[in-house]
Amino acid sequence: MMFRIFLFLLGFGLAVAGGVVVITYMNFIPAGLAWTDFFSYIKGRPECYFLPIGFILMIIALYSYPYK
């Protein structure tokens, strides 16, 4: 039970951190960066992978809970 809660909170923290970084990098768009360049840029940044990893960890924690 505690492992699932820890996994969920870890996933939530990673998703928040990754989401903040992606939103921060969206400030490049008004500076003249196209959407394709933006997605190409964030694809190469390792901290942007925290968002999907966090979502995956939260889904694992939620769906591994034994419902009766």
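**Briefing: a three-helix chain**

Met2 is exposed, at a relative accessible area of 64%, which is over the 50% cut-off for that class. Met2 sits in helix H1, which covers residues 2-25. The model described here is predicted. Its chain holds three helices and zero strands.

**Fold and overall shape**

- Read from the N terminus, the order of elements in the chain is α-α-α.
- The radius of gyration of the chain is 15 Å, whereas the globule rule gives 11 Å for 68 residues; the value is well over the rule, so the chain is more spread out than a compact globule.
- Measuring along the principal axes is a second way to describe the shape: the C-alpha trace of the chain spans about 55 × 15 × 15 Å.

**Burial and contacts**

- The chain has 68 residues, and 24% of them count as buried.
- Buried here stands for a relative accessible area under 20%.
- Taking contacts in the chain between residues at least 6 apart in sequence, 71% join residues at least 24 apart.

**Surface**

- About 5100 Å² of the chain is exposed, and carbon and sulfur atoms supply 77% of that area.
- A nonpolar patch lies on the surface, formed by Met1, Met2, Ile5, Leu9, Tyr65 and Tyr67.
- Together, the residues of this patch have about 710 Å² of accessible area.
- Met2, one of the patch residues, is the exposed residue of helix H1 introduced at the start.

Methods. Residues numbered from 1 in each chain as written. Predicted model: local features only at pLDDT ≥ 70, side-chain atom pairs only at ≥ 80, totals over all residues. Heavy atoms only, no water. Helix = DSSP H or I, 4+ residues; strand = E, 2+ residues; numbered from the N terminus. Rg over C-alpha atoms; globule rule 2.2 N^0.38 Å. Buried < 20%, exposed > 50% of the residue type's maximum accessible area, 1.4 Å probe, protein only. Contact = heavy atoms within 4.5 Å. Areas by Shrake-Rupley, 256 points an atom, 1.4 Å probe, with all protein chains shown as cover. Patch = residues over 30% accessible without salt bridge, like charges linked within 9 Å, V, L, I, M, F, W, Y side chains within 5 Å. Salt bridge = Lys/Arg side-chain N within 4 Å of Asp/Glu carboxyl O.
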